[in-house]
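Welcome, and thanks for taking a look at this one. Please open the sequence and the structure side by side before reading on.

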Amino acid sequence: MNRKLKILIIATGVIVAPVLLSPMPKFRAPLSTVIEAKDGSLLGAKIADDGQWRFPPSDSVPYKFEKALLTFEDNYFYRHPGVNPVALFRAALLNIKSGRIVSGGSTLTMQIARISRGNRARTYAGKIIEILSALKLELFRSKEEILRMYISNAPFGGNTVGLEAATWRYSGTSPFNLTWADAAAYAVLPNSPSLVFPGKNQERLKKRRDDLLEKLYKKDIIDSVTLILSLDETLPGEPINLPSSAPHLTAKFYREAKGKRVKTTIDPVLQQKVNEIINSHQSVLENNHIYNSACIIVSVEKGYVMAYTGNSTRPGVAEHGGDVDIIQSRRSTGSILKPLLYAGMENSGDLLPNTLVPDIPTHFSGFSPKNFDQTYSGAVTAASALAQSLNIPAVKLLQKFSSERFLDLLKKTGFTTFNQPADHYGLSLILGGGETTLWELTGAYASLSRVLERFNREKNYRRSDYHPPVLVAASETKPDSITGDIPLSASSIWLTYQALLKVNRPETETGWQYFSFSGDLAWKTGTSFGFRDGWAVGTTADYVIGVWTGNADGEGRPGLTGTSAAAPILFDIFNYMGSNRSFTQPSEEMTTITVCKESGYRAGPDCPETQEIWACVSGLKSEACPYHRIIHLNKTRTFRVTSACADPAEIINEKRFILPPAIEYYYKQKHPNYRSIPAVAPGCSDDRSIPSMEFIYPSPGVKIFIPRDQTGHMTRIVPEVAHRNPSKKIYWHLDDRYLVTTKYIHQIELLAGPGSHVLTAVDEDGFTIKCRFEISSPER
Ligand SMILES: [Zn+2]
């Protein structure tokens, strides 16, 4: 090898090797957790584990700060290789002249090397390492990366590290929104961070800032007007509180993504507004010792969370569980799941919208549901039962559909909180026997709206439309394949929303409340047992709002209902947001069905009046009207007759609406036009095909439990019978032993011990009904 070449290689090695062997500047300190809104504005932050405000690195450099910083610190930053020999030489001269180190002659890159070594004392050895490290950094990193490294790690006084933490702490704004005056002030700070503290320092800080502004003017970076105005600006001062408009969301990410910068889907303006609305309602609710509320808003199309208010942030709420993120807390559902049952039954063809559902006293073993207002209407259309949130019809429907199927439906529509077997919940599942979160509830409603919207747009389904709310926008994923396996059809969802659309309606949960909204809003409230949870959820074609009110510690309050406490918040937010888009009927997959006008069932041959309604195709196989039948009457239509006791030529055949006796008993009271069937004519025999009476209590087969402390004792029960003609006498027997006779009011009291019993009621015409029931005592 050529000798000169050898020398060159060795010489190069001698210079390059120390650079390669020198430490690469690295920053491993813990970071703050930073939560951003969808526009990049700061929603909230948590301090890093070492007690420093040190934000995760940003991916861009603010223009004004860069100009100010480079003018102040390193004019040749984009031209030097990490070290500026001229500056070093000048500094060396200065230091020799004064006999101590007064100037470092450092480039920005060298300062990074120094900061990364923990700002050690300025020695010549340290300086050499800084120089080598700076050269190495420049060798492996771009200028922009180096600049970002400096901006993220420069000290800004006290426990504030990096520009972003500094501008939010001292100026309450993003580094991208700085004025020239502030950009200049922040550019001089890392060089002497203590200047930020108020007092004498401020004068020195102002002097340095103003000098820098003059330089920027001289370099033509700012104009004279900007200079004059900037010189008058106040300096960054004492630290202020960081923005905290979604504290519970910040806390959630502090647990799940500590030390990260999270860009969420939150709309910052809406978030503020929701906080305001919640807090203003809270100021009233607190008078009734209701201290907590939460609200989440989810977009229909992508499921993006637009606002996340996990609790009230009113002063003093901390003593009342204000830190609890209610959006993620499991609470009893009250009536809020009823629409899903309705949708499931429309979907399966078990129900048509106007089908009459019994609304009479109902008893199950250990469970006797009551309507909110404790009244019974006999029978009510399914849609109206849903709109009024009647409990007994809901339980009757769940009994028909089964808890197993309903639980399965809940899981398929996105609920994960119902993880007990169906018999654990039983029929109470529809009245709040299970718990869910506002997060899952709002997510499920958003999924349903999404399914309906997609069907109307594309005429198909995707299983992936059922998903939880989304807090961090993911990059677009390829949509999954079209599927036939869907829990709910678009038509069943649409029919359910139709039932939930009536905004100004009497609400049985609290009496009459007036709500107005200038668009189509499908909404539902829920109130849990003991007035512990007030829910309201509503959807338009654009977004879903879920609201919860109550006490985080679970304390119930009289008057705490979904309608009185949660719905007013829901409507204030909907009215603020507005929405012009309504849901469209998915006619392509629906059909018209001829139904009985009176019963709402599919019309049978004896239904006198019918009408056409839109329904799910599966509704075509739903049950036909069971209540219309032909009866035979005498000429004056006063008695029922048969051909055995009347002249066949004079018999009138009439189609009549005949409800079972117990339903009729209550239905008649609310429907004065309902006509009971005439009695059988004297001398005619009753064919007994139309029962004249029925037990209201007990229900056949029911198990009546004796409370534990009364084990072995007799228990008092109050049987009741509904008779189509209350003036008829009824003779009561228990286990073949005569008890009593009743007339008009067919209700008795009796005492019975543990074991099986048969109760018999015989009317004066000899019509007999029996009811077997069991009184059981708990196992010892
Ligand atoms: Zn009918």
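What follows is a short tour of selected sites, with a metal site first and a pair of distant residues last.

## The zinc site

Please keep in mind that this is a predicted model. A good place to begin is the zinc ion, which is held by the SG atoms of Cys 596, Cys 607 and Cys 625 together with ND1 of His 628. The distances from the zinc ion to these atoms run from 2.1 to 2.3 Å. Along the sequence, the donor residues follow the spacing C-x10-C-x17-C-x2-H.

Two of these donors come from separate pieces of the chain: Cys 607 belongs to the loop between strand 17 (590–596) and strand 18 (610–616), while His 628 is in strand 19 (residues 628–633), so the pair ties together parts that are 21 residues apart in sequence. Cys 607 and His 628 are both buried.

What is the geometry of the site of the zinc ion? The four donor atoms make angles of 97 to 120 degrees, and the site is tetrahedral. For comparison, the ideal angle for four tetrahedral donors is 109.5 degrees.

## Aromatic pairs

Across the whole structure, a search turns up 19 aromatic pairs. One of them joins Phe 418 and Tyr 425 in an edge-to-face arrangement, with 6.1 Å from centre to centre and 75 degrees between the planes. Phe 418 has a relative accessible area of 1% and Tyr 425 has 7%. Since buried means under 20%, Phe 418 counts as buried, and Tyr 425 does too.

Another pair brings together Phe 657 and Tyr 667: the ring centres are 6.3 Å apart and the planes meet at 70 degrees, so this pair is edge-to-face. It links distant parts of the chain, with Phe 657 in strand 20 (residues 652–657) and Tyr 667 in helix 21 (residues 661–670), ten residues apart. Phe 657 and Tyr 667 are buried. These two rings also belong to a cluster, in which ring pairs link Tyr 601, Tyr 627, Phe 657, Tyr 667 and Tyr 674.

## Lysines over rings

Rings also meet charges in this model. The charged end of Lys 46 sits over the ring of Tyr 254, at 5.6 Å from the ring centre. Likewise, Lys 143 places its charged end over the ring of Phe 77, here 4.6 Å from the centre.

## Helix 11 and its strands

Which residues of helix 11 (residues 247–256) are buried? They are His 248, Leu 249, Thr 250, Lys 252 and Phe 253. The buried residues of this helix pack against four strands: strand 1 (33–36), strand 2 (42–46), strand 5 (261–263) and strand 7 (305–309).

## A closer look at Asn 391

Asn 391 is part of helix 15 (residues 391–401). Is Asn 391 buried or exposed? With a relative accessible area of 13%, Asn 391 is buried. Its side chain makes a polar contact of 2.7 Å with the side chain of Lys 338.

Leaving aside residues up to four places away in sequence, Asn 391 touches Ser 335, Lys 338, Lys 370, Asn 371, Phe 372 and Leu 431. Lys 338 is thus among the residues touched by Asn 391 as well as its polar partner.

## Ala 11 and a distant residue

To finish, look at Ala 11 in helix 1 (residues 3–21). Ala 11 is partly exposed, and its relative accessible area is 33%. Between the C-alpha atoms of Ala 11 and Asp 553 the separation is 75 Å, and the two residues are 542 residues apart along the chain.

Definitions and conventions:
Residues are numbered from 1 along each chain as its sequence is written. This is a predicted model: local features need pLDDT of at least 70, side-chain atom pairs count only at pLDDT 80 or more; totals for chains, interfaces and linings use all residues. Side-chain values use heavy atoms; hydrogens and water are left out. Helices (H or I, at least four residues) and strands (E, at least two) are DSSP runs, numbered from the N terminus. Buried means under 20% relative accessible area, exposed over 50%, partly exposed in between (1.4 Å probe, protein chains only). A polar contact is a pair of N or O atoms within 3.5 Å; within protein, one must be able to donate a hydrogen and the other to accept it, and residues adjacent in sequence count only if both atoms are side-chain atoms. Contact means heavy atoms within 4.5 Å. Donors are N, O and S atoms within 2.8 Å of the metal (3.2 Å for Na, K and Ca); water is not among the atoms, so sites may look incomplete. Four donors count as tetrahedral if all angles lie between 85 and 135 degrees; four count as square planar and six as octahedral if opposite donors are over 155 degrees apart and all others between 65 and 115; anything else is irregular. Rings of Phe, Tyr and Trp (its six-membered ring) pair if their centres lie within 6.5 Å; planes under 30 degrees apart count as stacked, over 60 as edge-to-face and the rest as tilted. A charge sits over a ring if NZ of Lys or CZ of Arg is within 6 Å of the ring centre and within 35 degrees of the ring normal.
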